[in-house]
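I opened the notebook today to look up ring pairs, charges and a pocket in one model. Here is what went into it.

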Amino acid sequence: MRYTFLLPAYKKSFLDKAIRSILNQTYTDFKIIISDDCSPEDLYSVVKEFSDDTRLTYRRNEKNIGGTSLVAHWNMLLDLCDTDYFILASDDDLYLPHFLEEIDKLVEKYPTVDLFHSRAQCINGKDEIFKIDPLYKEYVTQLEYFEQLDYYNHIECIANYVFKTEVLKKKGGFVDFPLAWSSDTATCNIMAVNGVVNTSGVYFSFRMSGLNISSQPIENKEISRLKFKAFCEYDAFMSEILKNLKIGDSLLEKTTYDRVCKQHTRRMSGLIAWQSVNLSFIEFVSYLKRYKKKGYIDSLFIIVKKWLVSRLKR
């Protein structure tokens with residue numbers, strides 16, 4: 001057996017659909033480990049409907065892990081995985097029937113690659129499609145992959161990736177940031193050393209229903225401050241990777257590298273500034289000093305104005 005779907009579960013609403021989409025794969029030689037993260041909902045009542053399928057294993061954590069660290073739960077499941085490749089599934093996303101069949105063709109074609117990516121589409125709670133991934137090159141280098149992350153309409157998630165198990169274990173597992181925010185991107189970035197392979201077709205549906213952390217509004221101050229911390233950690237993490245990336249002598253590669261660095265700066269300066277509005281006064285001043293020096297703040301007036309407005313709304 002080559003593949004395992006690792007599914008950390010907490011929400012019940014779409015779990016039946018998520019499991020069914022995996023079991024309905026046209027490529028059938030895989031297994032699923034469903035890990036109930038001590039959910040207050042009765043997840044087993046959903047899982048037991050599939051108990052006749054020997055590919056499925058259910059377990060339940062004695063204590064909730066994800067409330068403290070989602071990544072700790074991911075890494076616990078990674079430790080349980082004994083197949084060559086794995087997919088970190090979720091309790092609400094959907095896999096189209098040919099997902100694993102198409103991935104397996106690419107795994108056969110590119111045996112030295114450690115990371116495979118399926119194009120995705122975004123769906124809402126009614127399974128309606130409202131966004132579709134661009135079409136990427138089949139094989140991209142690590143540098144080209146970094147550029148791919150900033151393509152127009154790029155859909156950023158983790159459940160549509162297939163990882164080479166032992167490689168990620170040797171790298172120390174999933175990168176851990178607060179709320180697992182950008183942990184998926186950071187982990188994929190370190191797995192892209194040998195390039196990334198993309199499917200041409202769309203074989204995955206990423207659900208944005210308002211029930212996940214991605215959908216929480218910036219007005220949630222506690223979450224906003226944790227996202228700020230995560231963005232800062234990701235920025236430092238990615239800056240180090242870019243600084244140490246080996247670039248060839250061709251004009252194209254040098255130009256691509258310069259563009260990726262500029263895109264990273266532009267993207268992170270905006271994201272960090274976006275979450276800074278809920279910082280305390282001391283935290284905000286520290287942010288201004290640090291990121292103004294780094295060149296991430298073009299207009300102090302605009303940043304300070306947004307922060308002051310957020311104070312007045314309280």
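My entries follow, starting with the rings; the model is a predicted one.

**Rings**

I started with the total, and the count of aromatic pairs came to 26. I then took F5 and Y95 as my opening example. Their ring centres are 5.3 Å apart and the planes stand at 75°, so I logged the pair as edge-to-face; the cut-off for that label is over 60 degrees. I looked up where the two residues sit: F5 is in strand β1 (residues 3–9) and Y95 is in strand β5 (residues 94–95), so this contact ties together parts that are 90 residues apart in sequence. Buried or exposed, I asked of F5 and Y95? Both F5 and Y95 are buried.

My next pair was F228 with Y287. Here I noted 5.7 Å between the ring centres and 85° between the planes, so F228 and Y287 also go down as edge-to-face. F228 belongs to helix α8 (residues 221–244) and Y287 to helix α10 (residues 281–294), so the pair links parts that are 59 residues apart in sequence. I checked burial again, and F228 and Y287 are both buried.

Which residues join F228 and Y287 in one aromatic cluster? I found F281, F284, Y291, Y296 and W307 in there with them.

**Charges over rings**

I also looked for charges sitting over rings, and wrote down two cases. R207 has its charged end over the ring of F14, 3.9 Å from the ring centre. K227 lies over the face of W181, and I have 4.2 Å to the ring centre for that one.

**Salt bridges**

By count, I get 22 salt bridges. D53 and R55 form one of them, with their closest N and O atoms 2.8 Å apart. I looked up the arginine's exposure as well: R55 has a relative accessible area of 16%, so it is buried, the limit being under 20%.

E144 and K137 make another, at 2.9 Å from N to O. E144 has 25% relative accessibility and counts as partly exposed. K137 is partly exposed too, at 48%.

Then I turned to R267 and E156, whose closest N and O atoms are 2.5 Å apart in their salt bridge. R267 is in helix α9 and E156 is in the loop between α5 and β9 (161–164), so the bridge ties together parts that are 111 residues apart in sequence. On exposure, I noted R267 as partly exposed at 22% relative accessibility, and E156 as partly exposed at 28%. One more item for this page: R2, D104 and E108 are joined into one network by salt bridges that share partners.

**The second largest pocket**

I finished with the second largest pocket, which holds about 350 Å³ of space. What lines it? I listed 21 lining residues, with T141, Q142, L143, E144 and T256 lying nearest the pocket's centre. E144 is familiar from the salt bridge with K137.

Which element supplies the largest share of the lining? It is α5, with five residues. I have β8 (139–140), α5 (142–148) and α9 (251–275) each down for at least two lining residues. Helix α9 had already come up as the home of R267. By residue type, I sorted the lining into nine nonpolar, seven polar and five charged.

Technical notes: Residues are numbered from 1 along each chain as its sequence is written. This is a predicted model: local features need pLDDT of at least 70, side-chain atom pairs count only at pLDDT 80 or more; totals for chains, interfaces and linings use all residues. Side-chain values use heavy atoms; hydrogens and water are left out. Rings of Phe, Tyr and Trp (its six-membered ring) pair if their centres lie within 6.5 Å; planes under 30 degrees apart count as stacked, over 60 as edge-to-face and the rest as tilted. Helices (H or I, at least four residues) and strands (E, at least two) are DSSP runs, numbered from the N terminus. Buried means under 20% relative accessible area, exposed over 50%, partly exposed in between (1.4 Å probe, protein chains only). A charge sits over a ring if NZ of Lys or CZ of Arg is within 6 Å of the ring centre and within 35 degrees of the ring normal. On a 1 Å grid over the protein atoms alone, a cavity is a set of points where a 1.4 Å probe fits but cannot get out, and a pocket is an open set with protein on both sides within 12 Å along at least five of seven lines; lining residues have an atom within 4 Å of a point. Grid points are joined across faces, edges and corners, and a volume is the space filled by probe spheres set on the points. Ala, Val, Leu, Ile, Met, Phe, Trp, Tyr, Cys and Pro count as nonpolar, Asp, Glu, Lys and Arg as charged, and the others, Gly among them, as polar. A salt bridge is a side-chain nitrogen of Lys or Arg within 4 Å of a carboxyl oxygen of Asp or Glu.
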